Amino acid sequence: MTQSKTGREPASQAAEQPALLPPVDVIEDAEGITVYADLPGVPKERLDVHIDGEVLVIEGEMGLEMPQEMEATHVEVSLPRFRRVFTLSRELDPERMSAELKQGVLKVRIHKAEHAKPRRIQVNG
Amino acid sequence: MPMDFSLFPRDLYAELERLQRQMQQSFELSPSIRGLARGAYPALNVAATPQSAEVYAFAPGLDPKSIEVQIERGVLSISGERAESLPREDERASVHVNERFAGRFHRVITLTDDLDPGEVRATYRDGVLHVSIARQKAAQPRRVPVN
């Protein structure tokens with residue numbers, strides 16, 4: 001897994017290939033934002049999570065071992081690739097991002113910049 | 001695939017839905033009585049080889065020990081439960097997007113008669129459950145020696 005552009009192929013080339021849109025959960029708390037993405041079949045080596053300007057890019061390619069002479073009889077997952085892109089808001093700090101992949105679920109955590117954390121404003125009167 | 005051209009394009013979403021239906025129909029030549037279940041968890045791909053049937057269940061985020069795989073009367077069933085990743089209500093967090101499945105799931109596939117329910121292997125890796133069911137020896141292609 002990487003946090004920079006070190007995918008198997010250049011992002012510009014990968015962007016042209018059709019990909020599935022993985023389902024995600026996005027949760028925000030006082031400290032930052034957590035993104036969970038379902039990427040079944042994607043091993044760590046084929047996952048690419050990076051921030052490009054203000055855009056978070058999640059890309060992954062499945063690494064399933066398939067027997068030879070196989071003929072598909074029922075297909076619900078029709079492409080071996082996932083991609084999803086999010087525009088980040090300014091209060092998030094791209095330098096403070098962590099990502100982990102466990103049994104096909106990616107968890108990305110992006111912290112908020114210090115100045116953007118909520119603070120209680122004193123009400124005078 | 002035939003396309004409709006019109007001076008007044010239809011609603012884009014309706015058009016996308018129509019395309020998706022056409023895709024589905026071209027993939028599934030014989031829809032099951034149990035329905036299409038598109039968008040269900042886990043998504044299933046099924047393939048056939050001369051020696052086996054291969055089932056791939058795209059079920060990310062499970063504890064392998066909690067997955068139940070059963071074959072009964074020619075029906076393969078895959079069930080289990082996926083934990084919720086959303087915060088509890090008392091936590092101070094807001095959910096902006098919630099698309100991922102959580103809760104109990106159960107999917108079934110009817111097997112063909114030539115499969116051997118005694119010869120099944122199941123592995124779970126990177127969030128994909130792979131069930132391989134061998135064909136009965138008598139149903140496998142074999143070379144007949146010519147004397």
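1. Which residues touch the most other members of the largest nonpolar core? In this predicted model, that core holds 20 residues, and those with the most contacts to fellow members are Val35(A), Tyr36(A), Ala37(A), Leu39(A), Leu47(A), Leu106(A) and Val108(A). At least two residues of the core come from each of five strands of chain A, namely E2 (32–38), E3 (47–52), E4 (55–61), E7 (92–102) and E8 (105–112).

2. Val108(A) deserves a separate look: once its neighbours within four places in sequence are set aside, Val108(A) is in contact with Val35(A), Val49(A), Met97(A) and Ala99(A). A second core, separate from the one above, has 17 residues, among them Leu115(B), Val128(B), Val131(B) and Ile133(B).

3. As for the overall build of chain A, its elements comprise one helix and eight strands, in the order α-β-β-β-β-β-β-β-β from the N terminus. Chain A has 125 residues, of which 28% count as buried, and among its contacts with a separation of 6 or more, 60% join residues that lie 24 or more positions apart.

4. Between the chains, 33 residues of chain B are in contact with 29 residues of chain A. On the chain B side, strands E1 (43–48), E2 (52–58) and E5 (93–98) are the elements that give two or more residues, and the residues of that side comprise 18 nonpolar, eight polar and seven charged.

5. Strand pairing also crosses from one chain to the other, with strand E1 (residues 24–29) of chain A and E5(B) running antiparallel over five bridges; within this topic, Ile27(A) has Val95(B) as its bridge partner in E5(B).

Technical notes. Residues are numbered from 1 along each chain as its sequence is written. Chains are lettered from A and ligands numbered from 1 in the order in which they are written. This is a predicted model: local features need pLDDT of at least 70, side-chain atom pairs count only at pLDDT 80 or more; totals for chains, interfaces and linings use all residues. A nonpolar core is a set of buried Ala, Val, Leu, Ile, Met, Phe, Trp, Tyr and Cys residues joined through C-beta atoms within 7 Å. A residue is buried if 20 or more other C-beta atoms lie within 10 Å of its own, exposed if 12 or fewer, and partly exposed in between; C-beta atoms are placed from the backbone. Helices (H or I, at least four residues) and strands (E, at least two) are DSSP runs, numbered from the N terminus. Two residues are in contact if their C-beta atoms, placed from the backbone, lie within 7 Å. Ala, Val, Leu, Ile, Met, Phe, Trp, Tyr, Cys and Pro count as nonpolar, Asp, Glu, Lys and Arg as charged, and the others, Gly among them, as polar. Two strands pair if DSSP finds at least two bridges between them.
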